[in-house]
Amino acid sequence: MTDNRIDYYPTHEHEGIKFRRGHTLPFGATMVANGVNFSIYSSASTSCTLVLFERGEAEPFAEIPFPDEFRIGNVYSMIVFELNYERLEYGYRMDGPYNPAAGLRFNKSLILSDPYAKVIGGRDTWLNKPNWDNVYQYRSRLAFEDFDWEHDHPLETPIEDLVIYEMHVRGFTKHESSGVKNPGTFSAIRSKVAYLKELGINCVELLPIYEFDEWENSRESPTTGEVLVNYWGYSTVNFFAPKAGYAATGKFGMQVDEVKTLIKELHKSGIEVMLDVVFNHTAEGDHRGPTISFRGIDNKTYYMLTPEGYYFNFSGTGNTLNCNNPVVRNMVLDCLRYWASEYHIDGFRFDLAAILGRAQDGRPLSNPPLLESLAFDPILAKCKLIAEAWDAGGLYQVGSFPAYGRWAEWNGKYRDSVRKFLKSDPGEVGGMIQRVMGSPDLYSLRGPTASINFITCHDGFSLYDMFAYNEKHNEANGENNNDGANDNNSWNCGWEGETSDPAINFLRHKQVKNALAILLVSQGVPMVLMGDEVGRTQKGNNNTYCQDNDLNWFDWTQQETNADLYNFARGMINFRRVHPVLRSPTHFQYWDYVGSGYPDISFHGTKAWNCDRSASSRSFAFLLCGDHAKQGIVKDDMVYVAMNMYWGGLHFELPALPPEKKWYLFANTDMPSPVDIYENGQESLLANQSDFLVGSRSVVILIGK
Amino acid sequence: MSFTILAEAKKIAKITLTGEIDSLSAREFQKEIEKMAAESPDELVLFVENLTFISSAGLRVLIFAKQKMGSGLAIYIVKPQESVIETLEKTGLQHSVNIVDQYL
């Protein structure tokens, strides 16, 4: 094990600790033979001290100033020998001028966390009360990279074949009904892999799992008295370290192994893992916020600053990470490469990604170097890159995000069109035709795979609440219902909140099914929000970022109580899986290029081949020709989808099939469970092959085979 | 007519672990494993009835043992306490070892 090469002999000693000049790269703390190589960048500091702790101790056991000759350029590096890798916690003191107007905020009395630390200690167990007097709250630690991956590697599923499931690690299993060991952890998700597989999804997108502090801005709820915490976690303390509090083994510092074990297990079931990454800001807030790491190490490198030295706030959270500074850009790249290679992550969703395209002074760039670097990076080459293509500073880039042929987007216009269509708004048919085709109006050159289609996500109403509430009900968040979006495009079906009226409840369930049906027959990449498949409710709260309770947790009893929804969601997701014609990698072209006698896609209405796109129309149908599936490479059935959001039933004339084929009913949301949806392969032959009465506010799916 | 018998004795390495494996005692554990690796055993049997805690460093020695002795090595963990089983499960190592009540 021990490498006795001459260059790893110590040359210096400080208070009995032996060390030598280190390697400038890589940044961070890296295990080398017999020692640890520490390397850190700071452009404006005058000196730096390495601070070493025994795990959990109040006082450091050593503070080693970097000798001047250990600094090359703006990088301090040293190798320290004979450290106990497992018990070690380290940090830095940076000395330099305190001159905020010039962007300098050095304070050598603080011990700072390493931006490149791979493990962070200090918030090891979720909601364990921290010791606020601790001189060093978020402690950098080392990670071992000897995980036994066996033959695992990222799955590289074609993006058009994905069904993404947006999941909160804690919320998925924390509810007592989950019946798992260690609820609320990475480890517990492993007990539910069979559920995910049965549901049919093949990608989980985890809400932020980078280390954050759930205690940030914690307070008491005015309505329940419960403690409100940062539950969503969009407030990064460190970009390389997984959230210890999400790991059952966090208290032993084994979260890295636990996350990797989960990923390995999901991969075995064919499920990809995507991370929601937050590179737009950090947990340090504005000038009043805590100094944890970046601010004290090199404030003007890491943050976008106004000419007066204050923080630009394009993220809406106090500060903005200076993503197009070349040093920060490299950190983002290093970070994503690390997650792709060491954790086998399959893709990333970038929170408020429009910020990543801003210059250091905040201007939007036409050719942002960070986005280009990510698109062409050799290690990230097979990772999915998904942008939330807007920011809180007013930059909205849905359809125009600099994509370099690689980037997909959360399609906010898909969400808005489908929501308005579902509540019977007039004038939505034209837009819906674009949305079900993968939004060629937005992505004509990029193809349908640029469109991540979603109707709900963590931010906003849950799908069930979309049809149970006209207004947001965020009182429990303690901001007098002023927080959260007001443009929800929701409709309560006639009563605000819970009701025992069976007609309203039937309609709500039908609307949930309509939404799921539309989502899963649209070209593009569908994303389902955790729990929407069983009618999860947030009781009208559309901004549950601070609610660590039933408002967010997946209630597993709903799999029984809303069995009709679960059955329908499972059926629709699996319908998409068995019908490749729903998953075209390129846009349909409206004509017949394989000689089947049918165009790849055609639009219909109450009259076949005749679609009413006028403002008063609230219904339409489309027909996909199975011979055109996957650009005509594979054969599929004909798929016909009729959507009637008019408040009365309408007769739809069915397009004629080739003589050897017949129409079969797969789904009709107007029917009660279980005859609202059929198992794949067991669709019901229609008695009337020429006409179908589509009920009010209903979706009907037929296949021709 | 010929008659042959092919017989091969299994080489078995046995270690009894008691108390706690933290980062310090893990080093001793690892030294022991290195010594035994020289014998290229087929099975590694760990008697852990009186082991109350295994840290990350201890788990890493198990991974190290596999790396050192080859993936053909069968590791038996005999009579682990619930806390040790839990640690193995949460980190996914239970798939790489055989947890047994007794070793015959």
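Let's start with the area buried between domain 1 and domain 2 of chain A, which comes to about 3,500 Å². Carbon and sulfur atoms give 60% of that area. Please keep in mind throughout that this is a predicted model.

Which residues of domain 1 lose the most area to domain 2? They are Arg105(A), Pro115(A) and Trp126(A), and together they account for 25% of what the domain 1 side buries. If you have the structure open, those three are a good place to click.

Let me step back and place the domains for you. Chain A is divided into domain 1, residues 12–141, domain 2, residues 159–581, and domain 3, residues 585–704. Taken over C-alpha atoms, the centres of domain 1 and domain 2 of chain A are separated by 33 Å. In terms of contacts, 36 residues of domain 1 of chain A meet 48 residues of domain 2 of chain A.

Now for the polar side of this boundary. How many salt bridges are there between domain 1 and domain 2 of chain A? The count is one. Arg123(A) and Asp213(A) form a salt bridge, with their closest N and O atoms 3.1 Å apart. Between these two domains of chain A there are also 16 residue pairs in polar contact, both residues at pLDDT 80 or more. On the domain 1 side, strands β4 (35–41), β11 (104–105) and β12 (119–121) of chain A each supply at least two of the residues that touch domain 2. By class, that side of domain 1 has 22 nonpolar, six polar and eight charged residues.

Let's move on to chain B. Here, 21 residues of chain A are in contact with 26 residues of chain B. The two chains bury about 1,800 Å² between them, and 48% of this is on carbon and sulfur atoms.

What about salt bridges between chain A and chain B? There are four. Have a look at Asp257(A) and Arg60(B), whose side chains meet in a salt bridge at 2.7 Å, N to O. The chains also share nine residue pairs in polar contact, again with both residues at pLDDT 80 or more.

And which element of chain A gives the most to the side that touches chain B? That is helix α4, residues 255–268, with four residues. Sorted by class, the side of chain A facing chain B in this contact has seven nonpolar, five polar and nine charged residues.

That's my tour of the two interfaces, and I'm happy to take questions.

Key
Residues are numbered from 1 along each chain as its sequence is written. Chains are lettered from A and ligands numbered from 1 in the order in which they are written. This is a predicted model: local features need pLDDT of at least 70, side-chain atom pairs count only at pLDDT 80 or more; totals for chains, interfaces and linings use all residues. Side-chain values use heavy atoms; hydrogens and water are left out. Domain bounds come from an automatic or database domain assignment. Contact means heavy atoms within 4.5 Å. Buried area is the accessible area (1.4 Å probe) that two parts lose on being put together, summed over both. A polar contact is a pair of N or O atoms within 3.5 Å; within protein, one must be able to donate a hydrogen and the other to accept it, and residues adjacent in sequence count only if both atoms are side-chain atoms. Ala, Val, Leu, Ile, Met, Phe, Trp, Tyr, Cys and Pro count as nonpolar, Asp, Glu, Lys and Arg as charged, and the others, Gly among them, as polar.
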